[in-house]
Amino acid sequence: MAIKPDAAPLLEVRDLTVNFDVARGKVRAVAGVSFDLAPGETLGLVGESGCGKTVTALSILRLLQTPPAEVTGVIRFQGEDLTTCPEARMRQIRGDRIAMVFQEPMTALNPVLTIGEQVAEALRLHRGMSHPEAWREAAAALTRVGFPDASHRLGQYPHQLSGGLRQRALMAMALACDPDLLIADEPTTALDVTIQAQILALLARLKAELGLAVLFITHNLGIVAQTADRVAVMYAGLMVEVASTEELFRHPNHPYTVGLLNSVPRLDFSHPPGEILSAIAGHLPAEPPSGCLFRDRCPLAHGRCREEPPWVEVGPGHQVRCWNYV
Amino acid sequence: MSELLEAQDLSCYFRLAGAWGKGPVLKAVDGVSFALNPGETLGLVGESGCGKSTLGRLALALLPPTRGRIIFAGEDLARVSHKHLKELRRQIQIIFQDPYSSLNPRMTAGQILEEPFVIHNLGRRPERRAWVEELLTEVGLTADVADRYPHEFIGGQRQRLGIARALALKPRLIVADEPVSALDVSIQAQILNLLAELQQRHGLTYLFISHDLGVISQISNRVAVMYVGRLMEMASREVLAAGRLHPYTEALLAAVPRPTPERTYNPPILKGEPPSPVNVPPGCPFHPRCPEAQFPLCRESVPALRETAPDHRVACHFR
Ligand SMILES: Nc1ncnc2c1ncn2[C@@H]1O[C@H](COP(=O)(O)OP(=O)(O)OP(=O)(O)O)[C@@H](O)[C@H]1O
Ligand SMILES: Nc1ncnc2c1ncn2[C@@H]1O[C@H](COP(=O)(O)OP(=O)(O)OP(=O)(O)O)[C@@H](O)[C@H]1O
Ligand code: SF4
Ligand code: SF4
Ligand SMILES: [Mg+2]
Ligand SMILES: [Mg+2]
């Protein structure tokens with residue numbers, strides 16, 4: 001689906017900040033994240049473990065428990081502020097307009113109900129079908145997401161299915177309501193590559209058929225490069241770079257993005273084995289430094305980096321949080 | 001060049017428990033032969049459950065083969081005396097995906113690294129202490145972490161500790177079972193670099209197990225591709241870069257989305273999922289999913305792993 005850059009955003013996130021109250025004080029999981037998502041667009045949200053991707057997704061859906069979480073900022077979906085709307089309205093939106101699939105479908109599926117029962121339940125809830133209607137429709141909903149032999153497997157329990165089939169079942173449930181936005185949090189991370197390819201193909205088909213916008217959360221830069229329209233890179237709770245996918249992979253600007261791209265082993269047998277990768281030094285500190293959070297790992301850090309770097313526009317739709325571009 | 005490790009027609013079957021006594025047989029590894037040359041890295045790749053870890057455990061003599069032999073430095077591991085086996089095992093060490101599960105949580109890093117010397121009665125206290133310090137520096141840790149417990153280490157440091165322990169007894173062969181799979185890419189790159197440096201410095205031989213083809217291509221001299229317990233292909237880097245490959249290997253390579261600005265991802269989609277090792281399809285085990293399968297041949301006859309070119313063995317009727 002073609003994306004109109006000037007289309008009114010489907011989703012607007014502004015200055016999203018999430019703190020958790022923990023025994024030893026406050027943990028800042030998300031530190032001022034802002035982005036837009038246009039209708040039908042796929043935004044890849046990437047970054048390493050613990051950088052705040054899942055917390056961002058859960059805050060959009062208002063699924064974090066408060067307390068311990070403390071969420072501030074603005075989240076506007078189709079013009080409606082999700083941070084202030086009543087819980088009943090939020091439940092409606094979660095079911096009908098925004099759907100979510102997770103990395104481990106086992107935790108999202110009910111282990112004591114059959115797949116058929118769960119898909120039928122989703123259809124009843126979101127499409128207002130009667131019990132017999134929903135049951136008849138369940139097989140079709142599963143077939144649509146490429147579930148083989150659906151009518152014969154309605155009676156199976158989640159643990160009797162492979163990871164790939166569980167992910168398909170979850171997708172069938174998520175899409176029962178024909179949502180406008182799908183938030184997919186590492187949906188293929190637990191799967192083998194050939195099964196991942198199947199799920200990515202399914203997602204591409206559904207995006208085209210349903211005009212779905214997708215917030216695709218992953219740490220796999222290959223998936224993002226090949227499927228997203230735009231990419232947002234997070235580090236330690238902060239968005240450090242946003243650009244169109246091609247621009248980001250051709251001209252990464254933020255030193256962290258550059259380091260990340262250089263760290264990924266290229267699937268290529270034409271160079272000698274064991275060549276040294278230019279890895280990012282060190283690791284994510286438990287207590288990020290003041291100023292630029294990437295300062296103590298950044299090969300380009302200088303005196304000014306002790307102050308918080310601004311969010312700089314370096315090209316059309318390409319923003320970076322780094323002093324080097326001011 | 002004489003091989004450091006040779007697997008001859010190795011099989012490992014498990015008899016599953018059934019409702020009425022003995023259940024079906026699970027063929028985790030089935031008729032696998034390969035050789036490892038000293039100083040090289042053999043990458044072992046394949047999808048979940050294809051038998052990679054089982055093959056690794058067979059190579060470590062942690063698991064008795066149902067059939068076939070493991071020859072290490074010219075000696076059949078099934079035929080040597082118990083005492084000699086212990087000596088040979090010193091020369092083969094393992095690195096796990098999650099070193100945490102294999103590190104005693106009640107011992108400090110220093111004690112963990114000293115333990116192998118104690119068990120093998122090597123050195124005295126001060127000497128052992130110096131060796132421990134040496135090991136820590138060798139893997140890029142500082143000597144002051146010796147007093148810390150494994151849970152105080154973060155992911156990458158813990159893997160460094162796991163590597164240090166594997167190095168303690170100066171092994172010749174290291175079986176690395178998904179050593180970077182649980183790590184973030186920036187840490188993964190550091191560990192891959194460390195493993196490459198250690199190999200250079202000590203002339204180590206690696207059997208490197210991973211389901212990640214990018215990681216495999218980063219480090220391997222040769223690659224073995226497994227599918228439901230069988231070897232589908234064995235090839236050198238040169239062959240992998242330019243040769244005509246097994247249909248399964250081609251499918252695996254195409255299925256990996258590349259982190260490049262070029263949008264080239266359009267893999268042929270394989271039908272279904274890998275079969276269960278309890279119910280291996282007849283003929284070529286890949287035939288139910290193979291885009292090139294021709295019938296009845298591929299369903300009826302098991303393709304042998306044949307040498308089709310130097311450094312290239314393929315199990316396919318049409319290669
Ligand atoms: N309920 C909670 N209480 C306290 N801290 C939390 C809680 N949930 C998340 N965090 C912290 O918030 C930070 C961001 O976590 P988040 O799960 O969003 O990371 P992520 O980017 O999704 O990582 P991964 O790639 O591992 O899934 C982490 O440091 C995490 O420890
Ligand atoms: N002790 C055992 N008893 C029964 N079955 C076993 C045993 N060990 C392994 N298996 C089975 O043998 C097959 C191969 O397992 P193995 O762990 O070697 O696969 P793998 O390739 O390492 O998979 P992964 O990528 O998931 O680690 C699997 O079907 C597994 O369930
Ligand atoms: S602001 Fe400074 S420390 Fe931060 S990424 Fe830019 S150069 Fe590096
Ligand atoms: S033997 Fe037949 S089924 Fe097997 S890989 Fe070759 S073409 Fe495919
Ligand atoms: Mg997450
Ligand atoms: Mg394994």
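What separates R90(B) and E87(B) in helix α2 of chain B? Being three residues apart in that helix, which spans residues 82-90, the two are separated by about one helical turn. The legends below describe close-up views of a predicted model.

**Figure 1. Salt bridge between R90(B) and E87(B) in helix α2 of chain B.** The closest N and O atoms of R90(B) and E87(B) are 3.7 Å apart. Both positions belong to helix α2 (residues 82-90). R90(B) is partly exposed, with a relative accessibility of 22%. E87(B) is also partly exposed, at 33%. Side chains of opposite charge can pair when their charged atoms come close.

**Figure 2. Salt bridge between D76(B) and R69(B).** In this pair the closest N and O atoms are 3.3 Å apart. D76(B) has a relative accessibility of 11% and counts as buried, whereas R69(B), at 36%, is partly exposed. The bridge therefore joins a buried residue, under the 20% limit, to a partly exposed one.

**Figure 3. Salt bridge between E80(A) and R89(A), and a network elsewhere in chain A.** The closest N and O atoms of E80(A) and R89(A) are 2.7 Å apart. E80(A) is partly exposed at 25% relative accessibility. R89(A) is partly exposed as well, with a relative accessible area of 30%. A network of salt bridges links E12(A), R14(A), D36(A) and R76(A). Over all chains, the structure holds 29 salt bridges.

**Figure 4. Aromatic cluster of Y235(A), Y256(A) and F294(A).** Seven aromatic pairs are found over all chains. One of them is formed by Y235(A) and Y256(A), whose ring centres lie 4.5 Å apart with 55° between the planes, a tilted arrangement. The pair links distant parts of the chain, with Y235(A) in strand β9 (residues 230-235) and Y256(A) in helix α11 (residues 255-263), 21 residues apart. Y235(A) is buried at 3% relative accessibility, and Y256(A) is buried at 0%. Ring pairs join F294(A) to these two tyrosines in a cluster.

**Figure 5. Surroundings of ligand 3 in chain A.** Ligand 3 sits in the largest cavity. The residues around ligand 3 are H254(A), P255(A), C292(A), R295(A), C298(A), L300(A), A301(A), C305(A), C322(A), W323(A) and N324(A). By class, this shell has eight nonpolar, two polar and one charged residues.

**Figure 6. Surroundings of ligand 4.** Ligand 4 takes up the second largest cavity. There are 13 residues around ligand 4, and those that come nearest are C284(B), C290(B), C298(B), C316(B) and H317(B). The shell consists of nine nonpolar, three polar and one charged residues.

**Figure 7. Consecutive cis peptide bonds at T66(A), P67(A) and P68(A).** The bond from T66(A) to P67(A) is cis, with omega near -15°. The bond from P67(A) to P68(A) is cis too, with omega near 10°. P67(A) lies in the loop between α1 (53-60) and β4 (69-77) of chain A, and P68(A) is found in the loop between those two elements. Most residues other than glycine have a negative phi, and most peptide bonds are trans.

**Figure 8. Positive phi at E186(A) and A73(B).** Phi of E186(A) is near 50°, a positive value in a residue other than glycine. E186(A) occupies the loop between β7 (181-185) and α8 (193-210) of chain A, and is buried, with a relative accessible area of 8%. A73(B), likewise not a glycine, has a positive phi of about 45°. Its place is in the loop between β4 (67-72) and β5 (75-76) of chain B. At 34% relative accessibility, A73(B) counts as partly exposed.

**Figure 9. Contact in space between P24(B) and V278(B).** The C-alpha atoms of P24(B) and V278(B) are 6.7 Å apart, while 254 residues separate the two in sequence. P24(B) lies in strand β2 (residues 21-36) of chain B. P24(B) is partly exposed, with a relative accessible area of 41%.

Methods. Residues numbered from 1 in each chain as written. Chains lettered and ligands numbered in written order. Predicted model: local features only at pLDDT ≥ 70, side-chain atom pairs only at ≥ 80, totals over all residues. Heavy atoms only, no water. Near = heavy atom within 4 Å. 1 Å grid on protein atoms, 1.4 Å probe; cavity = no way out; pocket = protein on both sides within 12 Å on 5 of 7 lines; lining within 4 Å. Sits in = over half its atoms within 2 Å of the grid points. Nonpolar A, V, L, I, M, F, W, Y, C, P; charged D, E, K, R; others polar. Phe/Tyr/Trp six-rings, centres within 6.5 Å; stacked < 30°, edge-to-face > 60°. Helix = DSSP H or I, 4+ residues; strand = E, 2+ residues; numbered from the N terminus. Buried < 20%, exposed > 50% of the residue type's maximum accessible area, 1.4 Å probe, protein only. Salt bridge = Lys/Arg side-chain N within 4 Å of Asp/Glu carboxyl O.
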